Amino acid sequence: MSAPSVKTDREKPVVVINREWCKGCGICVFFCPKQVLELDEEGKARWARPDDCISCGLCELRCPDLAVELVEGGN
Ligand code: SF4
Ligand code: SF4
């Protein structure tokens, strides 16, 4: 296997979670259509599988505490 590039995240936004604001309700985890998010050991949301993220923005839209943000140009 010789993939020409592994920089798959380069052109898509990074999902940033504000851990101070996240209360661990799990709504973003539930609504993510690609099961990208999970709650970590401290009960905070984590962007666990970025390669699967389709940048749909549902996590940002659904978080009741505005703790999720899609940030362009993360690289
Ligand atoms: S929806 Fe918001 S507050 Fe709830 S777990 Fe996700 S990031 Fe945290
Ligand atoms: S942008 Fe969409 S696919 Fe990516 S983590 Fe958020 S809900 Fe999941």
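1. Does E38 count as buried, exposed or partly exposed, and how many C-beta neighbours does it have inside 10 Å? E38 counts as partly exposed because it has 15 C-beta neighbours inside 10 Å, where 20 or more would make a residue buried, 12 or fewer exposed, and C-beta atoms are placed from the backbone.

2. The model is predicted, so that local features need pLDDT of at least 70 and side-chain atom pairs count only at pLDDT 80 or more, while totals for chains, interfaces and linings use all residues. Residues are numbered from 1 along each chain as its sequence is written, and chains are lettered from A and ligands numbered from 1 in the order in which they are written.

3. E38 lies in strand β2, residues 37-39 (strands are DSSP runs of E, at least two residues, numbered from the N terminus). Leaving out residues up to four places away in sequence, E38 touches V29, R46 and A48, contact being C-beta atoms within 7 Å.

4. Along strand β1, residues 14-17, V15 and I17 point to one face and are buried, whereas V14 and V16 point to the other and are not. In a regular strand the side chains alternate between the two faces of the sheet. Strand β1 runs antiparallel to β4, residues 68-71, and four bridges join them (pairing needs at least two DSSP bridges); V16 has E69 as its bridge partner.

5. Around ligand 1 there are 13 residues, with C22, C25, C28, A45 and C63 nearest, and around ligand 2 there are also 13, the closest being C32, V36, C53, C56 and C59; a residue is near if its C-beta atom lies within 6 Å.

Key
Contact = placed C-beta atoms within 7 Å.
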